[in-house]
Amino acid sequence: MKITRVEAIPFAIPYRKPLKFASGEVHAAEHVLVRVHADNGVVGVAEAPPRPFTYGETQAGIVAVIDSLFAPQIVGLSLLDRETVHTRLARTIGNPTAKSAIDMAIWDALGRSLDVSVTELLGGYTDRMRVSHMLGFDDPAAMVGEAQRMRETHGITTFKVKVGRRPASLDTAVVRALREHFGDDVDLYIDGNRGWTAAESARAMREMADLDLLFAEELCPADDVLGRRWLVRQIDVPFIADESAVTSADVTREILGGSATAISIKTARTGFTRSQRTHHLAEGLGLEVVMGNQIDGQLGSLCTVAFGSAYELTSRRPGELSNFLDMSDDLLTEPLRITDGELTVRPGAGLGAEIDPDKLRRYRQDH
Ligand code: MUC
Ligand code: MG
């Protein structure tokens, strides 16, 4: 089970409808498919989504760091040497999605080699998660319409509403319209992607006090240290740290510092190995966890549900697993389906994902 080769293949698939939020917008999935080959003939796969507005990575940068630094450091190691892989990749700072895609492709290859699923390898708690859908910026009628379509078509009843615009009434009107339209039939939470100041966030939370929000996420920057602590102390729902808490050290710092009271785990940026560490830390600290979405394609969403289903804590809340529905196409031979508000892991070995060669030929950008 020795790693013989690591491929990083850039591809681009347009979105049917762009996703807009306070820190940026996404019009196309310009991701990198990572394939880890082993000497037993097995190939593991995962995808890296560059998010320059969050982590500074670009598609070309991910390909370059994998080809020039990461691949040479891990070729020759066994698929079982995950701790050594982790340590070697950690010598390079940053590059979270490039590292994570390699890590997850190794777990996929290991599962395929041992003929067990990644979820079973990680913890095997369940085989499915309820799905939370993310609603990007639009006017209230369009966002209510999208939520309604998601409920009718996929049975989804939990929605994360992107907020952080100015004036904040643009967003509070959306949350109010959703609550008025659905009543108690849906769960709602909000994500500001650092768009508001602490004072604007506090005011908006007061305006929405009667709307029964489940969580609030990254409403203002964690770097506004005292303002953020002041905000988190006064609101009465768990405050999720997302982009401010990527590593376990970040989680420790933000939680112990009072800048958050819950966390988002995103396999796209912590893979399976580092997500395990964050999960264990969250359990030890007694934190709520939401499995987040890095605007993943189907392969990335499969990674999220594979990890989220592996543990009780990560499968307790609906996971953000539906962004791929906005893409015009994808790479998998067998598309993911969200049914009755749930996404299941793939039966079979590893992640259970097969890449359609024709689709990869159509969308890859390196030829
Ligand atoms: C999210 O939860 O914030 C948007 C920006 C990012 O880093 O992730 C997405 C979703
Ligand atoms: Mg977020």
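Where is Asp 212 found? Asp 212 sits in the loop between α8 and β7. This is a predicted model, and that loop is a handy place to start looking around.

## Two aspartates with an unusual backbone

Asp 212 isn't a glycine, yet its phi is positive, at about 55°. Its relative accessibility is 57%, and because exposed means over 50%, Asp 212 counts as exposed. Asp 340 also has a positive phi, of about 50°, without being a glycine. You'll find Asp 340 in the loop between β11 (319–320) and β12 (342–344). Asp 340 is exposed too, with a relative accessible area of 67%.

While you're checking the backbone, have a look at the peptide bond from Arg 166 to Pro 167: it is cis, with omega near -5°. Pro 167 belongs to the loop between β5 and α7 (169–182).

## The magnesium site

Now for the metal. Which residues are the protein donors of the magnesium ion (ligand 2)? They are Asp 191 (OD), Glu 217 (OE) and Asp 242 (OD), and they lie 2.0 to 2.2 Å from the ion. Along the chain, these donors follow the spacing D-x25-E-x24-D. Glu 217 lies in strand β7 (residues 213–217), while Asp 242 is in the loop between β8 (239–241) and α10 (248–256), so this pair ties together parts of the chain that are 25 residues apart in sequence.

Are Glu 217 and Asp 242 buried or exposed? Glu 217 has a relative accessible area of 0%, so it is buried. Asp 242 comes out at 2% relative accessibility and counts as buried as well.

## Pockets and cavities

Next, the empty spaces. Here are three of them, with their volumes and what lines them.

| Space | Volume | Nonpolar lining residues | Polar lining residues | Charged lining residues |
|---|---|---|---|---|
| Largest pocket | about 370 Å³ | eight | four | nine |
| Second largest pocket | about 210 Å³ | seven | one | three |
| Largest cavity | about 120 Å³ | four | five | seven |

Start with the largest pocket. It is lined by 21 residues, and the closest to its centre are Arg 16, Phe 324, Leu 325, Asp 326 and Met 327. Two elements, β1 (3–21) and α6 (140–154), each give two or more residues to this lining. Helix or strand, which element gives the most? That is α6, with five residues. Why does the largest pocket lie between domain 1 and domain 2? Domain 1 (3–115 + 358–363) and domain 2 (120–344) both give residues to its lining, so the pocket lies between them.

The second largest pocket brings us back to our opening residue, since Asp 212 is one of the residues that line it. Among the others are Ala 202, Met 205, Arg 206, Leu 213 and Val 237. Helix α8 (residues 198–207) supplies the largest share of this lining, with three residues.

How many cavities of 30 Å³ or more turn up in a search of the whole structure? There are three. The largest cavity is lined by 16 residues, and Lys 162, Asn 193, Lys 266, Asn 293 and Gln 294 lie nearest its centre. Both α1 (52–55) and β5 (158–162) give two or more residues to the lining of the largest cavity. The two domains take part here too: domain 1 (3–115 + 358–363) and domain 2 (120–344) each give at least three residues to the lining of the largest cavity.

## A stretch named in UniProt

An unreviewed UniProt entry places the feature "domain: Mandelate racemase/muconate lactonizing enzyme C-terminal" at residues 140–238. Over that stretch, the chain is 49% helix and 15% strand. The C-alpha atoms at its two ends are 25 Å apart.

## One last stop: Val 85

Finally, pick out Val 85 in helix α3 (residues 82–89). Val 85 has a relative accessible area of 3%, so it is buried. Ile 74 is 11 residues away from Val 85 in sequence, and the two are 6.2 Å apart in space, C-alpha to C-alpha.

Notes: Residues are numbered from 1 along each chain as its sequence is written. Chains are lettered from A and ligands numbered from 1 in the order in which they are written. This is a predicted model: local features need pLDDT of at least 70, side-chain atom pairs count only at pLDDT 80 or more; totals for chains, interfaces and linings use all residues. Side-chain values use heavy atoms; hydrogens and water are left out. Donors are N, O and S atoms within 2.8 Å of the metal (3.2 Å for Na, K and Ca); water is not among the atoms, so sites may look incomplete. Helices (H or I, at least four residues) and strands (E, at least two) are DSSP runs, numbered from the N terminus. Buried means under 20% relative accessible area, exposed over 50%, partly exposed in between (1.4 Å probe, protein chains only). On a 1 Å grid over the protein atoms alone, a cavity is a set of points where a 1.4 Å probe fits but cannot get out, and a pocket is an open set with protein on both sides within 12 Å along at least five of seven lines; lining residues have an atom within 4 Å of a point. Grid points are joined across faces, edges and corners, and a volume is the space filled by probe spheres set on the points. Ala, Val, Leu, Ile, Met, Phe, Trp, Tyr, Cys and Pro count as nonpolar, Asp, Glu, Lys and Arg as charged, and the others, Gly among them, as polar. Domain bounds come from an automatic or database domain assignment. UniProt positions are given in the numbering used here, feature names are shortened, and annotations may be inferred rather than shown by experiment.
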